Amino acid sequence: MPQTKSLVIPALRSAARLLLLLSLLTISLKGQAQDDPREEIRQNPSLSGNNFLAYPGPQRQLTPAPKGYRPFCVSHYGRHGSRYLTKRLDYTYAYDLLRKADDEGVLTPLGCDVLQRLALIADESEDRHGDLTPQGQQQIRDIMRRMVERFPQVFSNTATVDARSTSVPRCILSMTSAVQELTRLRPNVNVAFNATYHDMRYMNYVDRELLKQAQAEGCRVALDAYCAPRQNFRRLVNSLISDSLYVKRRVNDERLAYYLFRVASGIQNTKEGQTTTLYDIFTPDELYAEWQMDNAYWFLGYGFSDINGGQQPFSQRFLLRKMVEQADSCLRLDHPSVNLRFGHETMVLPLVCLMGLNAFGQTINDLEQLEQKGWVCYRIVPMACNVQMVFYKKGRSDGDILFKVLLNEDEATLPIASDVAPYYHWADARRFFLERLDSFQTAGAAMPPSEGGK
């Protein structure tokens with residue numbers, strides 16, 4: 001990455017680092033309002049990144065199992081840990097634009113400082129686009145450690161563990177990190193792991209027909225109409241570039257803001273993010289607007305809505321059916337077992353909707369109602385997001401199997417009745433899942449699995 005001729009502005013850099021420190025401190029705060037994304041984002045700007053949010057870890061204690069019940073099986077699907085942004089353009093668009101403005105001598109002092117920050121961020125990411133970061137590896141190790149600590153009976157010496165990954169390097173390395181942590185904690189557990197294209201049909205499946213519906217004209221029109229009143233970033237651009245005529249001729253406000261926002265959100269997952277921030281150049285309203293547009297994008301791509309054809313979560317019907325089938329197999333074993341699967345947020349998000357976790361499976365037809373109805377994407381798919389199905393029984397011959405679902409390691413609700421909530425009778429949940437899966441009639445044609453992610 002070429003060096004800019006502009007000088008770093010020490011006072012601005014100090015202010016940016018102070019804001020970063022305050023942002024990191026708020027991540028550990030409990031008791032934030034759970035119903036107001038605007039306020040949550042004001043307190044913790046990192047949340048605005050949605051799928052770029054560094055994994056926050058569990059927020060609540062688990063509810064003890066009903067008397068006599070012990071865990072004996074865990075079925076997991078999780079996203080890879082924190083990564084670099086996947087495309088070079090993510091890092092170079094804003095940098096190149098500001099560098100050219102710098103050559104013309106039209107950058108403000110803040111613009112000069114931001115250019116320097118972008119250079120540092122781009123240098124760190126060079127030839128690492130999409131790679132798992134050390135922070136991402138640690139997230140996966142921590143999740144695995146907590147799984148062992150929370151369900152020690154499952155990870156006895158007689159347990160069998162089957163770990164699978166998509167064929168994308170960051171997912172393979174995430175699986176490897178989990179297996180390394182598990183073997184460190186339980187060296188006698190029998191672990192098998194693999195990453196093969198053979199598993200991609202259920203591990204990273206993309207349905208052509210559903211994808212067409214999500215990309216149809218009606219979705220584009222609805223998203224454009226939702227975004228239009230929120231695309232007001234002239235203040236941001238003017239804070240970086242002093243020449244209004246230059247801005248009018250050379251700058252697309254929304255596009256520049258979009259790429260600055262992506263870099264701002266992505267660096268929380270890297271080493272550079274420990275000392276650098278870009279959130280300080282946005283006002284709270286601008287961050288909130290960027291988040292709203294991104295939140296709506298994810299909903300139209302993966303949620304239940306008449307706007308997108310009403311079937312998008314069924315893209316993960318093969319994954320959910322596989323999880324049900326493997327759970328049934330687990331019930332017949334005389335020893336504990338674990339299934340670990342590592343993939344992408346583009347699988348986790350529709351899986352959560354298809355399962356109906358935490359009411360994310362409801363149909364929403366008005367994008368302006370997303371927040372009111374609880375669609376808040378950063379609560380579903382941060383880096384390393386995961387779904388864990390944990391099964392319990394009293395003894396080998398016990399026919400009443402209980403289970404619960406954890407979303408990002410916190411207990412989640414299902415849209416079925418239970419007399420032992422947050423636990424559910426597996427027979428009831430199994431029936432609910434299979435009936436929902438069987439209700440899907442349109443068989444979409446498979447397309448070659450992709451890396452997933454936005």
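**Exercise 1. Work out which strands pair with S6, and in which sense.**

Let's start at one end of the hairpin. Strand S7 (residues 410-411) runs antiparallel to S6, and two bridges join them. This is a predicted model, so the positions discussed here are computed ones.

Step 1: look for a bridge partner in S7. Leu 406 is matched there with Glu 411.

Step 2: inspect the turn. The hairpin of S6 and S7 has two residues between the strands, and Asn 408 takes a positive phi near 55 degrees.

Step 3: move to the other neighbours. S5 (residues 386-393) pairs with S6 in the antiparallel sense over six bridges, and S8 (residues 424-425) does so over two bridges.

Step 4: follow Leu 402. This residue stands opposite Tyr 392 and also opposite His 425 in S8.

**Exercise 2. Decide whether the faces of S6 are covered or open.**

Step 1: count burial along the strand. Six of the six residues in S6 (residues 402-407) are buried.

Step 2: split them by side. Leu 402, Lys 404 and Leu 406 lie on one side, with Phe 403, Val 405 and Leu 407 on the other. Both faces are therefore covered, as buried means under 20% relative accessible area.

**Exercise 3. Describe the nonpolar cores and the helix that contributes most to the largest one.**

Step 1: take the largest core. It has 109 residues, and those with the most contacts inside it include Ile 241, Trp 375 and Phe 403. Helix H13 (residues 284-302) supplies its largest share, nine residues.

Step 2: check H13 itself. Its 19 residues should span 27 Å at 1.5 Å a residue, and the end C-alpha atoms are indeed 27 Å apart. Since 16 of those 19 residues are buried, H13 is largely enclosed by the rest of the structure.

Step 3: zoom in on Ile 241. Among the residues that Ile 241 touches are Leu 97, Val 106, Tyr 246 and Val 251.

Step 4: find the other core. A second, separate one has 28 residues, including Val 148 and Leu 182.

**Exercise 4. Characterise helix H4 from its length, burial and end.**

Step 1: H4 (residues 109-125) reaches 25 Å over 17 residues, close to the 24 Å expected.

Step 2: 14 of the 17 residues are buried, so by the under 20% cut-off H4 is mostly covered.

Step 3: beyond the helix comes Asp 127, with a positive phi near 65 degrees.

**Exercise 5. Judge the confidence of the model.**

Step 1: the average pLDDT is 91, and 89% of the residues score at least 70.

Step 2: residues 1-18 fall below 50, yet this stretch has 39 contacts beyond near neighbours in sequence. Residues 443-453 are also below 50, with 33 such contacts.

Note on methods
Residues are numbered from 1 along each chain as its sequence is written. This is a predicted model: local features need pLDDT of at least 70, side-chain atom pairs count only at pLDDT 80 or more; totals for chains, interfaces and linings use all residues. Side-chain values use heavy atoms; hydrogens and water are left out. Helices (H or I, at least four residues) and strands (E, at least two) are DSSP runs, numbered from the N terminus. The expected span of a helix is 1.5 Å times one less than its number of residues. Buried means under 20% relative accessible area, exposed over 50%, partly exposed in between (1.4 Å probe, protein chains only). pLDDT is the predictor's confidence in each residue, from 0 to 100. Contact means heavy atoms within 4.5 Å. A nonpolar core is a set of buried Ala, Val, Leu, Ile, Met, Phe, Trp, Tyr and Cys residues joined through side-chain atoms within 4.5 Å. Two strands pair if DSSP finds at least two bridges between them. Lists of a residue's contacts leave out its neighbours within four places in sequence.
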